Amino acid sequence: MDALDPTRTAVVLIDLQRRIVDLPTAPHSGPEVVARCLALAEAGRAAGATVVVVRVDRPGPDPQPPGSELLPEVAPRDGDVAVVKHTWGAFHETGLDAALRARGVDTLVIGGIATNFGVEQTARIGDEIGYRVVLPHDAMSGLDAYAHEFAVDYVFRRLGTVCTTAEAIAALRG
């Protein structure tokens with residue numbers, strides 16, 4: 001994998017909320033995905049990349065269902081971009097595109113849960129609006145292994161670069 005310019009890259013973490021991380025996922029468990037996403041975020045921050053933390057709020061319920069808060073270790077830090085979405089993808093009516101373009105970002109490294117919902121929709125729209133998309137397949141998981149594998153093998157390879165978390169971190173470090 002080619003090096004990534006961290007000043008033009010955003011690490012985008014999708015839906016790492018208690019109620020989502022605790023779902024049965026495959027091929028990777030929620031805690032495994034969280035650990036790899038945190039490693040991506042730390043490497044990104046250390047290299048000077050933007051970190052985007054995305055959380056979904058269901059339209060309608062007030063208050064949100066129990067477990068809707070981000071895991072404490074995933075919470076945005078100073079300088080990160082925080083996004084609350086109401087659809088599968090992180091771009092629709094959230095201001096994310098404008099925030100990234102204002103920072104000069106042209107590359108997205110996307111991880112989170114679930115592969116074939118929030119991660120895939122964010123990757124699809126990111127690709128459509130001109131971002132280079134990098135998808136570390138072990139930093140995401142589906143609600144079942146087939147859904148994850150189909151997205152990774154069939155969809156993601158047409159949208160961008162599929163790699164491992166270790167390869168994405170190495171690319172961020174140059």
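Colleague: Which residue follows H6, and what is its phi?
Modeller: In this predicted model, helix H6 covers residues 165–173. The residue that follows H6 has a positive phi, near 85°, and is glycine 174.

Colleague: Which residues of H6 are buried, and within what arc do they fall?
Modeller: The buried residues of helix H6 are Thr165, Ala168, Ile169, Ala171 and Leu172. They line one face of the helix, because the arc that holds them, seen down the axis of H6, is 160°.

Colleague: Which residues are exposed on the other side of H6?
Modeller: Buried residues of H6 include Ala168 and Leu172, and these residues line one face of the helix. The exposed residues on the other side of H6 are Ala166 and Arg173.

Colleague: Against which elements do the buried residues of H6 pack?
Modeller: The buried residues of H6, among them Ile169, are in contact with one helix and several strands. The helix is H2 (30–47). The strands are E1 (9–14), E4 (107–113), E5 (132–136) and E7 (161–163).

Colleague: How many disulfides does the structure hold?
Modeller: A disulfide requires two cysteine sulfur atoms within 2.5 Å. The sulfur of cysteine 37 has its closest cysteine sulfur in cysteine 163, 12 Å away, and therefore a bond is ruled out by distance. Seen from cysteine 163, the closest cysteine sulfur is that of cysteine 37, again too far at 12 Å. The number of disulfides is zero.

Colleague: Is cysteine 163 buried or exposed?
Modeller: A residue counts as buried under 20% relative accessible area. For cysteine 37 the value is 0%, so that residue is buried. For cysteine 163 the value is 3%, so cysteine 163 is also buried.

Colleague: Which residues does valine 34 touch, leaving aside those up to four places away in sequence?
Modeller: Valine 34 lies in helix H2 and is buried, with a relative accessible area of 6%. Its C-alpha atom is separated by 9.0 Å from that of glycine 111, although the two residues are 77 apart along the chain. The residues that valine 34 touches are Leu16, Val21, Leu71, Glu73 and Val74.

Colleague: Which residues lie nearest the centre of the largest pocket?
Modeller: The largest pocket holds about 280 Å³ of space. Two elements give two or more residues to its lining, namely helix H1 (18–21) and helix H4 (115–128). The lining has 17 residues, and those nearest the centre are Asp15, Ile20, Val56, Trp88 and Phe117.

Colleague: How many charged residues are in the lining of the largest pocket?
Modeller: The lining of the largest pocket can be divided by class into nonpolar, polar and charged residues. Nine of them are nonpolar and three are polar, while the number of charged residues is five.

Colleague: Where is aspartate 15 found?
Modeller: Most residues other than glycine have a negative phi. Aspartate 15, which is not a glycine, has a positive phi of about 55°. Aspartate 15 is buried, at 5% relative accessibility. Its place is in the loop between E1 and H1.

Colleague: Is glutamate 93 buried or exposed?
Modeller: Glutamate 93 has a positive phi of about 55°, although it is not a glycine. This residue is in the loop between E3 and helix H3 (96–102). Its relative accessibility is 74%, so glutamate 93 counts as exposed.

Colleague: What is omega for the peptide bond between alanine 26 and proline 27?
Modeller: Most peptide bonds are trans. Proline 27 lies in the loop between H1 and H2. The bond that joins alanine 26 to proline 27 is cis, with omega about 10°.

Colleague: Where does alanine 114 lie?
Modeller: The peptide bond from isoleucine 113 to alanine 114 is cis, with omega near 10°. Alanine 114 lies in the loop between E4 and H4.

Colleague: Which residues of H4 are buried?
Modeller: The buried residues of H4 pack against strands E1, E3 (81–85), E4, E5 and E6 (140–141), as well as helix H5 (145–159). These buried residues are Thr115, Gly118, Val119, Glu120, Thr122, Ala123 and Gly126.

Colleague: What phi does glycine 130 take?
Modeller: Glycine 130 lies in the loop between H4 and E5. With a relative accessible area of 56%, this residue is exposed. Its C-alpha atom is separated by 23 Å from that of isoleucine 113, 17 residues apart along the chain. Glycine 130 has a positive phi of about 105°.

Definitions and conventions:
Residues are numbered from 1 along each chain as its sequence is written. This is a predicted model: local features need pLDDT of at least 70, side-chain atom pairs count only at pLDDT 80 or more; totals for chains, interfaces and linings use all residues. Side-chain values use heavy atoms; hydrogens and water are left out. Buried means under 20% relative accessible area, exposed over 50%, partly exposed in between (1.4 Å probe, protein chains only). On a 1 Å grid over the protein atoms alone, a cavity is a set of points where a 1.4 Å probe fits but cannot get out, and a pocket is an open set with protein on both sides within 12 Å along at least five of seven lines; lining residues have an atom within 4 Å of a point. Grid points are joined across faces, edges and corners, and a volume is the space filled by probe spheres set on the points. Helices (H or I, at least four residues) and strands (E, at least two) are DSSP runs, numbered from the N terminus. Ala, Val, Leu, Ile, Met, Phe, Trp, Tyr, Cys and Pro count as nonpolar, Asp, Glu, Lys and Arg as charged, and the others, Gly among them, as polar. The arc is that of the directions from the helix axis to the C-beta atoms. Contact means heavy atoms within 4.5 Å.
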